[in-house]
Number of protein chains: 2
Amino acid sequence: MTKTLALGLDLGGTKIAAGVVDSGGRLFSNVRLATPASGLSRDLAALFDAAHAAVSAARVSWKSIRAVGVGVPGAFDPKTETVWAPNLPGWKKVPLKRLLEKALRRPTFVEGDRNVQALAEAWLASDRPRNLVFLTVGTGIGAGLIADGRLIAGTRGVAGAAGWLAIDSRWRGEFGRIGCLEFVGAGPAVARLAENALRKRARSLIRTIGEKRGGKITAEVVAAAARQGDATARRVLEEVGSNLGRGVAGIISLLNPDVVVLGGGLARAGDFILRPLRRAARQWGQPLATRQVRIVRSELGEDAGILGAARYAFMKLEEKP
Amino acid sequence: MTKTLALGLDLGGTKIAAGVVDSGGRLFSNVRLATPASGLSRDLAALFDAAHAAVSAARVSWKSIRAVGVGVPGAFDPKTETVWAPNLPGWKKVPLKRLLEKALRRPTFVEGDRNVQALAEAWLASDRPRNLVFLTVGTGIGAGLIADGRLIAGTRGVAGAAGWLAIDSRWRGEFGRIGCLEFVGAGPAVARLAENALRKRARSLIRTIGEKRGGKITAEVVAAAARQGDATARRVLEEVGSNLGRGVAGIISLLNPDVVVLGGGLARAGDFILRPLRRAARQWGQPLATRQVRIVRSELGEDAGILGAARYAFMKLEEKP
């Protein structure tokens with residue numbers, strides 16, 4: 001084994017994943033445990049546990065680990081070198097880089113999860129795209145942006161906040177979220193539009209499937225109904241996909257990427273979302289930029305976070321003189 | 001004189017500017033002539049003339065010029081290494097880099113004009129921002145984007161096509177332009193909204209000033225009326241500035257820049273545009289990103305194109321091993 005090794009850590013809202021990765025993208029171990037999400041110190045302890053377990057499981061010595069990469073569910077502010085993770089209690093201005101470097105005695109590089117996932121997508125795609133947009137659409141919307149092979153993190157690490165794109169002035173509301181892409185293009189929009197549609201027509205598989213799954217109408221329920229041929233469900237996904245496409249068009253016009261990769265929960269609706277999304281993106285985007293862009297679904301599995309975090313560590317190591 | 005010298009060329013739709021610039025940003029000469037805009041060969045001849053005149057005027061030898069940078073009114077496609085300049089007759093897939101390298105025997109680097117202007121803005125700003133958006137608003141809208149000190153050009157060199165941002169689904173029209181930022185935020189939008197307003201009310205300085213200047217209502221006429229206190233003119237600029245701000249909010253959310261620099265003809269309307277623009281950007285953008293961004297007017301004069309082109313040449317020289 002002559003390739004460099006890094007440890008990739010993927011801190012999520014509900015789980016922590018860790019693995020040893022070599023510079024060729026090979027994964028040597030893969031450890032998963034639940035995120036305590038009950039305060040900083042317990043989360044940090046779990047992160048250290050995962051790190052050590054991943055190195056043990058890979059049957060390599062700590063000495064062979066050159067660097068540590070970490071993806072966090074939030075942003076890493078390069079100015080203050082601290083992490084902000086809005087959905088984890090106590091994760092505000094956490095000097096995670098410093099804490100990990102002290103504990104693990106390795107150069108450590110921290111980035112937002114959507115950013116490291118974008119790096120994984122670019123790294124592991126067969127055509128090695130230099131310009132890539134990773135758009136994750138679930139409860140919220142965020143993007144990881146790669147231009148000319150490098151991550152766009154922004155001055156305070158919050159670049160890629162694609163959910164805030166203003167795509168409709170009509171929907172402007174007092175909290176600044178209505179009219180934004182996230183309000184009309186994410187999972188909750190699917191549920192909301194489906195509920196509105198159900199108020200008008202009684203019969204739909206959405207209702208049947210929703211009741212089977214505990215009574216709640218979610219984006220997953222709507223996607224399941226669409227797969228079984230339900231017209232209402234398909235129309236709802238068509239509308240949300242089209243809204244997403246208007247936002248994606250703007251991102252394509254601004255960044256002229258080779259590829260847009262769609263991830264997150266809503267990507268599982270597949271072509272019901274992708275087809276209207278592609279159509280709207282081509283309709284609205286700058287023609288030269290949209291003509292050659294590929295818009296695809298993420299093919300990476302659960303390990304993307306570990307791989308991307310490790311990739312980020314390798315990239316940062318190379319940058320250093 | 002120990003600093004490196006480059007020749008900066010600024011090819012515009014109506015004028016060509018050329019100058020010798022040192023790596024500290026000092027301008028040693030400045031030559032201007034009209035763009036023939038009557039076919040490729042005449043434009044190229046004028047560009048060569050300007051280049052030679054700028055070197056003579058600087059009283060330096062050609063030997064001291066290390067590289068040539070060129071800004072073009074369009075895009076440079078890095079894949080084909082050709083220029084596309086939609087407003088210049090005959091400028092489609094022009095191998096300008098190769099032609100200039102052959103004629104001037106210097107490494108030559110070509111980029112879109114808004115991109116080189118963004119580089120000039122970042123270079124010459126006192127705080128040397130690493131993340132900068134230059135937004136030019138005139139007849140059209142375009143952006144030059146700098147992330148972590150590097151230009152974002154995109155796969156085919158058309159990144160920064162900010163005029164295509166979809167900001168209102170209501171206005172969607174058959175040519176894909178209606179509802180886009182350019183339709184509601186550029187100079188023609190000012191003229192259109194002013195004409196609409198004048199149809200409803202007879203008395204306005206817009207009409208008086210417009211008649212004095214030949215009868216046509218333009219963005220400049222509206223800005224002049226606003227400066228003289230005309231309420232209708234101010235309302236129009238308020239609306240257009242606010243539309244621009246929604247687009248700028250999206251760019252800020254995506255790129256989290258230190259600064260957004262507004263240039264182009266409409267920037268001359270000053271605070272009548274900037275104030276509503278800032279307000280809408282803060283209202284709509286991602287809060288962490290908008291809290292710390294500065295939104296300012298370009299302070300660079302006519303030499304920005306030359307300086308930015310030279311800066312680009314210096315950057316590309318440094319990149320080479």
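## Two domains in chain A

Domain bounds here come from an automatic or database domain assignment. For chain A, that assignment gives domain 1, made of 5-125 + 302-319, and domain 2, which covers 132-297. Keep in mind as you look around that this is a predicted model. Taken over C-alpha atoms, the centres of domain 1 of chain A and domain 2 of chain A are 28 Å apart.

So where do these two domains of chain A touch? Domain 1 of chain A puts 14 residues into the contact, and domain 2 of chain A puts in 16 residues. On the domain 1 side, the elements of chain A giving two or more residues are β5 (75-77), β7 (108-112) and α3 (113-124). The largest share of that side belongs to α3(A), with 7 residues. Sort the residues on the domain 1 side by type and you get 6 nonpolar, 3 polar and 5 charged.

## The overall build of chain A

If you want to count elements, chain A has 11 helices and 12 strands. Its radius of gyration is 20 Å, close to the 20 Å that the globule rule gives for 321 residues, so chain A is as compact as a globular protein of that length. Along its principal axes, the C-alpha trace of chain A spans about 65 × 45 × 40 Å.

How much of chain A is buried? Of its 321 residues, 54% are. There's also plenty of long-range contact to spot in chain A: take the contacts between residues at least 6 apart in sequence, and 65% of them join residues at least 24 apart.

## How chains A and B meet

Now bring in the second chain. Here 38 residues of chain A are in contact with 38 residues of chain B. On the chain A side, α8 (231-255), α9 (271-284) and α10 (287-291) each supply at least two residues. The largest share comes from α8(A), which gives 7 residues. By type, the chain A side splits into 18 nonpolar, 13 polar and 7 charged residues.

Two copies of a chain are related by a rotation about an axis and a shift along it. In this model, a turn of 180° and a shift of 0.0 Å along the axis lay chain A on chain B with an RMSD of 0.0 Å. That's the relation of a two-fold axis. What's more, 100% of the interface residues of chain A are also interface residues in chain B, so the copies meet through the same surface.

## A strand to look at in chain B

Find strand β4 (residues 65-72) of chain B. Is this strand largely enclosed or largely open? In β4(B), 7 of the 8 residues are buried, so the strand is largely enclosed by the rest of the structure.

Which strands pair with β4(B)? One of its partners is strand β1 (residues 5-11) of chain B, which runs parallel to β4(B) and is joined to it by 6 bridges. You can pick out Ala6(B) standing opposite Ala67(B) of β4(B). Strand β7 (residues 108-112) of chain B also pairs with β4(B) in the parallel sense, over 5 bridges. There, Val68(B) has Thr108(B) of β7(B) as its bridge partner.

## An exposed lysine

For a contrast, try Lys212(B), which is in helix α6 (residues 205-212) of chain B. A residue counts as exposed if 12 or fewer other C-beta atoms lie within 10 Å of its own. Lys212(B) has 10 within 10 Å, so Lys212(B) is exposed. Measuring C-alpha to C-alpha on your screen, you'd find Lys212(B) and Thr82(B) 44 Å apart in space, and they are 130 residues apart in sequence.

Key: Residues are numbered from 1 along each chain as its sequence is written. Chains are lettered from A and ligands numbered from 1 in the order in which they are written. This is a predicted model: local features need pLDDT of at least 70, side-chain atom pairs count only at pLDDT 80 or more; totals for chains, interfaces and linings use all residues. Two residues are in contact if their C-beta atoms, placed from the backbone, lie within 7 Å. Helices (H or I, at least four residues) and strands (E, at least two) are DSSP runs, numbered from the N terminus. Ala, Val, Leu, Ile, Met, Phe, Trp, Tyr, Cys and Pro count as nonpolar, Asp, Glu, Lys and Arg as charged, and the others, Gly among them, as polar. Copies are superposed by least squares on the C-alpha atoms of residues with pLDDT of at least 70 in both. The radius of gyration is taken over C-alpha atoms; the globule rule is 2.2 Å times the number of residues to the power 0.38. A residue is buried if 20 or more other C-beta atoms lie within 10 Å of its own, exposed if 12 or fewer, and partly exposed in between; C-beta atoms are placed from the backbone. Two strands pair if DSSP finds at least two bridges between them.
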